[in-house]
Amino acid sequence: MKHGEKRPQPDVFDELGLRTDWRWLGDARFGWALLAGILFWLVLLGLGLPGVVPSWSVLFSLVLMQPVIEELLFRGLLQGQLLQLTWGRRQWSGLTVANLAVSAIFVAFHFMTHPPLWALGVLFPSLLFGYFRDRHRSVYPSIALHVFYNAGYFLLPIVQTQIPT
């Protein structure tokens with residue numbers, strides 16, 4: 001860059017992962033991630049773990065609002081900013097350091113509202129959400145997976161109450 005030349009302004013939407021490219025919907029790995037969520041729900045259902053049946057307004061918040069806000073904050077803003085740094089783009093076992101750092105922070109925040117084992121249980125999904133954020137340079141696959149995973153997890157107690165014993 002020559003002296004006096006202006007550095008191009010970064011595209012804020014691109015940094016936040018708000019790309020409107022929808023190719024992730026046809027990504028076979030995305031399909032496998034959805035299947036992994038279903039298999040996890042079936043294991044929980046088989047274990048007969050007790051759950052709380054939330055009200056519809058709480059369910060709406062847990063299944064839609066919180067995942068969207070969390071993904072925009074963690075994968076969009078924070079991971080997007082860390083990916084701007086050289087060390088954040090470095091990879092370890094196919095995961096960026098930015099994803100690893102954001103997932104660690106995501107788990108730490110869950111310690112405030114979850115028992116320790118359940119808080120640690122969000123690590124794998126968080127890494128998966130971050131993987132798709134990196135893979136498609138978009139937060140939309142992360143939002144979709146987070147909503148899908150939360151829907152199954154929080155609807156599971158409702159399903160359990162409907163199964164005759």
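**Helix packing and a nonpolar core**

In this predicted model, Glu-70, Phe-74, Arg-75, Leu-78, Gln-79 and Leu-82 of helix 3 meet a set of residues in helix 5 made up of Ala-98, Asn-99, Ala-101, Val-102, Ser-103, Ile-105, Phe-106, Phe-109 and His-110. Sorted by character, the residues of this contact between helix 3 and helix 5 comprise nine that are nonpolar, four that are polar and two that are charged. Two packed helices are described by the angle between their axes and the distance between the axes. For helix 3, which covers residues 56-82, and helix 5, which covers residues 97-110, the angle is about 145 degrees and the axes lie 9 Å apart, and the crossing of helix 3 past helix 5 is right-handed.

These two helices belong to a protein whose secondary structure consists of eight helices and two strands, arranged from the N terminus in the order α-α-α-α-β-β-α-α-α-α. The C-alpha trace extends about 75 × 35 × 35 Å along its principal axes, and 37% of the 165 residues count as buried. Among contacts with a separation of 6 or more, 73% join residues that are 24 or more positions apart.

A second helix pair is formed by helix 2, residues 28-47, and helix 8, whose axes come within 10 Å of each other and cross at roughly 20 degrees. Angles under 35 degrees count as roughly parallel, and helix 2 and helix 8 are therefore described as roughly parallel to each other. Helix 2 passes helix 8 in a crossing that is right-handed. On the side of helix 2 the contact involves Phe-30, Ala-33, Leu-34, Ala-36, Gly-37, Ile-38, Trp-41, Leu-44 and Leu-45, while helix 8 contributes Pro-141, Ala-144, Leu-145, Phe-148, Tyr-149, Gly-152, Tyr-153, Leu-156 and Gln-160. The residues of this contact divide into 15 nonpolar and three polar, with no charged residue among them.

In soluble globular proteins, nonpolar side chains tend to be buried together. The largest nonpolar core here has eleven residues, namely Trp-24, Phe-30, Ala-33, Leu-95, Leu-127, Leu-128, Phe-129, Tyr-131, Phe-132, Leu-145 and Tyr-149. Helix 2, helix 7 and helix 8 are the elements that each supply two or more residues to this core, and helix 7 gives the most, with five. Leu-95, a member of the core, is in contact with Arg-90, Leu-100, Leu-127 and Tyr-131 when its neighbours within four places in sequence are left aside.

The loops hold further details of the backbone. Most residues other than glycine have a negative phi, and most peptide bonds are trans. Ser-93, however, has a positive phi near 55 degrees; Ser-93 sits in the loop between strand 1 (91-92) and strand 2 (95-96), and its relative accessible area of 65% makes it exposed. Arg-137, in the loop that runs between helix 7 (123-136) and helix 8 (140-162), likewise has a positive phi, near 50 degrees, but Arg-137 counts as partly exposed, because its relative accessibility is 44%.

Gly-26 lies in the loop between helix 1 (12-15) and helix 2, and at a relative accessibility of 67% Gly-26 counts as exposed. Its C-alpha atom is separated by 23 Å from that of Glu-15, with the two residues eleven apart along the chain.

Terms used
Residues numbered from 1 in each chain as written. Predicted model: local features only at pLDDT ≥ 70, side-chain atom pairs only at ≥ 80, totals over all residues. Heavy atoms only, no water. Helix = DSSP H or I, 4+ residues; strand = E, 2+ residues; numbered from the N terminus. Buried < 20%, exposed > 50% of the residue type's maximum accessible area, 1.4 Å probe, protein only. Axes fitted to C-alpha atoms, helices over the stretch in contact; angles between N-to-C directions. Parallel < 35°, antiparallel > 145°, perpendicular 65-115°, else oblique. Left-handed = near helix turned anticlockwise from the far one by under 90°. Contact = heavy atoms within 4.5 Å. Nonpolar A, V, L, I, M, F, W, Y, C, P; charged D, E, K, R; others polar. Core = buried A, V, L, I, M, F, W, Y, C linked by side-chain atoms within 4.5 Å.
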